[in-house]
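Dear colleague,

I am handing over the structure that I have been going through, and below it you will find my notes. Please read them with the structure open beside you.

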Amino acid sequence: MMRLHHVPQSRSMRILWLLNEIGAPFEVVSYPFDKTLRSAEFLTLSPAGRVPALEIEGERMFESGAIAEYLCERFPEAGLGRAPGSPDRMAWLTWLHFAETVTQHLAALTQQHLALREPAQRSPIVTQLEAARLGKCLAAIERRLSTPVENRDHLLTSGFSACDVAVGQAVYIARHFHRLDGFPELSAWYARITARPAFQASLPAPEARLYTRDFYPPLEETA
Amino acid sequence: MSDTPEIRLHHVPWSRSFRILWLLEELGLDYDIAWHDIRKGDMQEPGYKAKSPAGRAPALEIDDQVIFESGAITQYLAETFRLGALGRPPHAPERIAYLQWISYAETMAGVIEQLNINHVFLRDPSQASPVVIKLNTARLKGTLAGMEALLGDQEYLLPSGFSAADTMMGFNLFAAPYFVKLDAFPRLAAYKARIEARPAFRRAAARDGVQTFYDRDFYPVPGPVDKNVDKLKG
Ligand SMILES: N[C@@H](CCC(=O)N[C@@H](CS)C(=O)NCC(=O)O)C(=O)O
Ligand SMILES: N[C@@H](CCC(=O)N[C@@H](CS)C(=O)NCC(=O)O)C(=O)O
């Protein structure tokens, strides 16, 4: 059976959602978001001590993007991938990788707002810069969903795919750092994909939430 | 797509788009370069955003199509040209490792980007956070150590030899030594020398030009503020 190594509300939620969409049996091992991920045992699963990691058919994998692609190839019947040569292949690769671009801003913001506990350690300008860069990524999604002729229901013209899961999970976290007002198509898409049972089944228990506040505004300069 | 596609790379010197510059050279494709200046903000113009909607580089035009994200471009080029010789297709034995390396390169690049912001882009060093620099330098070391361990005695990232996973590391191993000395990573250092000796790498580096992004050879982690010195200063 597949085994997902998971921290609630982290990038591994992307794989949890994907596995829920696929519907094949798997189990989840949850970790706290702390030094446990640096233990010798965990490092054999993921060499930089990061989640997600996945055990599948005797193999061990890390990197959410790689795992997502591999699962789509392993379970083609779920229809979440677009194989080499298919018309949406280029767009599928692009938006799947783009999820990681968005998430890097989220990682920087999470580091500033949640990981650094002392205000003096934080850098207000970095929180402002990263929230602005995140906003540009949201604008890129809005642009993608608003096409001149007919708006897209999903990131790919050919319909729901792993791109919606990967980028959708990034937007789920992004809401803690940037408002979605002003992005009507993105908001409608987000509502559409998060209504899916597989997403709902991936939500953390309230007490397992990493983000305890609904919103973390950019920090103001103190000096 | 035509047999001899028209290819244009949107490129920022010494950045992630070097990955694609090098890959295009390895694939022996003809292309031209549209140069962008990351400090001037020309990538924020609507004309460019119609191609790369977040205003980032690289983006690649192939005939009438555009693709962005270095990992996506890498995978696409590798599976489309030279009969896929630089890729590892779905269900190939090295598929997992191939995909993993492509993503891992971006994990590492994300940390490098934070160090670039703190050391290079913030003009006023007091705006940077020493703790953040320290943290991200440690994270960069962690990703380099992971790479050193996985590389083992292999010549290239995949046991079967050179691939597009290696070209993804082109930018990383150029930038990382400005923040972390590679002495502690002998296999990585040897690997870096090996990839830089490839003729296609040298052609790409020549087109990229002499770097002017970093104004010193090494950016150390700022030391703790010496309280006594502060006292002396009054
Ligand atoms: N590019 C990797 C990044 C993984 C990553 O950084 N995960 C975070 C959680 S979202 C993590 O494990 N951080 C723990 C740490 O770095 O200490 C991926 O997509 O899997
Ligand atoms: N994940 C993307 C990241 C692209 C990216 O951030 N590129 C940088 C240059 S290395 C850029 O265009 N930065 C401009 C900006 O962030 O506004 C990729 O791998 O292509």
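**Ligand 1**

Ligand 1 lies between chains A and B. The model is a predicted one, in which local features need pLDDT of at least 70 and side-chain atom pairs count only at pLDDT 80 or more, while totals for chains, interfaces and linings use all residues. Residues are numbered from 1 along each chain as its sequence is written, chains are lettered from A and ligands numbered from 1 in the order in which they are written, and side-chain values use heavy atoms, with hydrogens and water left out.

Around ligand 1 there are 13 residues, where a residue counts as near if one of its heavy atoms lies within 4 Å. The closest of them are Arg50(A), Val51(A), Glu63(A), Ser64(A) and Thr107(B). By class, this shell holds four nonpolar, three polar and six charged residues (Ala, Val, Leu, Ile, Met, Phe, Trp, Tyr, Cys and Pro count as nonpolar, Asp, Glu, Lys and Arg as charged, and the others, Gly among them, as polar).

Two oxygen distances come next: an oxygen atom of ligand 1 is 2.5 Å from an N or O atom in the side chain of Ser64(A), and an oxygen atom of ligand 1 is 2.9 Å from such an atom in the side chain of Arg139(B). A polar side-chain atom of Thr107(B), in turn, lies 2.6 Å from a nitrogen atom of the ligand. Taken alone, ligand 1 exposes 510 Å², of which the protein buries 90% (accessible areas come from the Shrake-Rupley method with a 1.4 Å probe).

**Ligand 2**

Ligand 2 also lies between chains A and B, and 15 residues surround it, with Thr101(A), Arg133(A), Arg56(B), Ala57(B) and Ser70(B) coming nearest. This shell divides into four nonpolar, four polar and seven charged residues.

Which atoms of ligand 2 are approached by Glu69(B), Ser70(B) and Glu106(B)? A nitrogen atom of ligand 2 is 2.9 Å from an N or O atom in the side chain of Glu69(B), and a nitrogen atom of ligand 2 lies 3.0 Å from a polar side-chain atom of Glu106(B), whereas for Ser70(B) the partner is an oxygen atom of the ligand, at 2.6 Å from a polar side-chain atom. Taken alone, ligand 2 exposes 500 Å², and the protein buries 91% of that.

With kind regards

Conventions: A polar contact is a pair of N or O atoms within 3.5 Å; within protein, one must be able to donate a hydrogen and the other to accept it, and residues adjacent in sequence count only if both atoms are side-chain atoms.
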